[in-house]
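Trainee: Please give me a close look at one thing only: the empty space in this model. Walk me round its edges too.

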Amino acid sequence: MHISIFANAFTFVPQKSVPFGDIVLATLDTVIGFETCQELFSPNSPHIDMSMDGVEIITNCSGSHHQLRKLHVRVDLIRSATSKCGGAYLYSNLRGCDGERVYYDGCCMIAVNGEFLAQGKQFSLEEVEVVTATVDLEDIRSYRGRLINYQGNAPPSYPRVYLNESLSHPESNITLTTTPERSIHYHMPEEEISLGPACWMWDYLRRSKMAGFFLPLSGGIDSSSTASLVGSMCDLVWEAYQNGSDSVARDLREILQLADNEPLPESSKHICRY
């Protein structure tokens, strides 16, 4: 089964139709493949066959919710995928809550040949974050050339959609350097417990258009822990506002029902008092 391509795309895509199902995108200088969310965690992930078929860049648009220490699992899987197959892995994860009782903690990453080049924030009140890295495609090809497991294998062939564009910079740009390797930042378990629910509460609060939370205090461990999480949320909101986040300032003004000419709270404690 083939699907027709819109006529206005013919300038970039010479084909008039593409097959329905798994495909890869072939540009003038590389090949890009796609995984979705849970496929990274699968025992037979698509990136294995795609890499064997010449795909050099794998993207993953994920909706992986936060669990305590789950980032370690994601990092190990991405490192394993790129170290055993070679290639670049671009991991993008949803951030915020979606009206459910789970929180999606973001933390986008870029890895090449088993090493990480870039990492986004795991807990943040910003809706959008762009993570970039400069990669040399020749590093991927030379790395794969040293891998014994690429010899004598016959992977399945993915249909290609050809794009008359190049991802690489012009060869004349010799001043461009690749992004150096970096270590992954992990929060301590106590920080995850504090930040995860706090981000969820703020996202739920601003999306639901409520004026705040009602917090009854008995003095026991349950209400005290909940109060601490609310305090952590207010600290995050105040920090984001101080760092110049227009979206957080706009949401805070709407939640507190403040006019544009009215001043915002002067500290995280003042936010709690509302």
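Mentor: We go from the cavity to the pockets, then to some of their neighbours.

This is a predicted model, in which local features need pLDDT of at least 70, side-chain atom pairs count only at pLDDT 80 or more, and totals for chains, interfaces and linings use all residues. Residues are numbered from 1 along each chain as its sequence is written, and side-chain values use heavy atoms, with hydrogens and water left out.

Start with the closed space. On a 1 Å grid over the protein atoms alone, a cavity is a set of points where a 1.4 Å probe fits but cannot get out; lining residues have an atom within 4 Å of a point. The model has 1 cavity of 30 Å³ or more. The largest cavity holds about 50 Å³ (the space filled by probe spheres set on the points, which are joined across faces, edges and corners).

Look at its wall. Three elements each give at least two lining residues: α1 (46-52), α2 (70-85) and β6 (88-93). Helices and strands here are DSSP runs, numbered from the N terminus (H or I, at least four residues; E, at least two). With 3 residues, α2 gives the most. Follow the chain along the lining: His-47, Ser-51 and Ile-58 are part of it. So are Ala-81, Thr-82 and Cys-85. Gly-86, Gly-87, Ala-88 and Tyr-89 complete the list. The split is 5 nonpolar, 5 polar and no charged (Ala, Val, Leu, Ile, Met, Phe, Trp, Tyr, Cys and Pro count as nonpolar; Asp, Glu, Lys and Arg as charged; the others, Gly among them, as polar).

Now the open spaces. A pocket is an open set of points with protein on both sides within 12 Å along at least five of seven lines. The largest pocket holds about 910 Å³. Its lining has 33 residues. Find its centre by Thr-134, Val-135, Asp-136, Leu-137 and Leu-167, the residues nearest to it. At least two lining residues come from each of β5 (57-62), β6, β9 (109-112) and α3 (137-145). Strand β6 thus serves twice: it lines the largest cavity and the largest pocket. The pocket wall divides into 16 nonpolar, 11 polar and 6 charged residues.

Next comes the second largest pocket, with about 410 Å³. Of its 21 lining residues, Lys-121, Phe-123, Ser-124, Leu-125 and Glu-239 lie closest to the centre. Helix α5 (residues 221-242) gives the most, with 3 residues. The lining divides into 6 nonpolar, 9 polar and 6 charged residues.

Use Phe-123 as a stepping stone. His-187 touches Phe-123, and also Arg-69, Gln-122, Glu-192 and Leu-195, not counting residues up to four places away in sequence (contact means heavy atoms within 4.5 Å). His-187 sits in the loop between β11 (160-162) and α4 (189-208). His-187 is buried, at 15% relative accessible area (buried is under 20%, exposed over 50%, partly exposed in between; 1.4 Å probe, protein chains only).

Finish with a neighbour of α5. The buried residues of α6 pack against α4, α5 and α7 (268-273). Helix α6 (residues 246-255) has 7 of its 10 residues buried, so it is largely enclosed by the rest of the structure. Among the buried ones are Val-248, Leu-252 and Ile-255, along with Asp-251 and Arg-253. Just after α6 comes Gln-257, with a positive phi near 55°.
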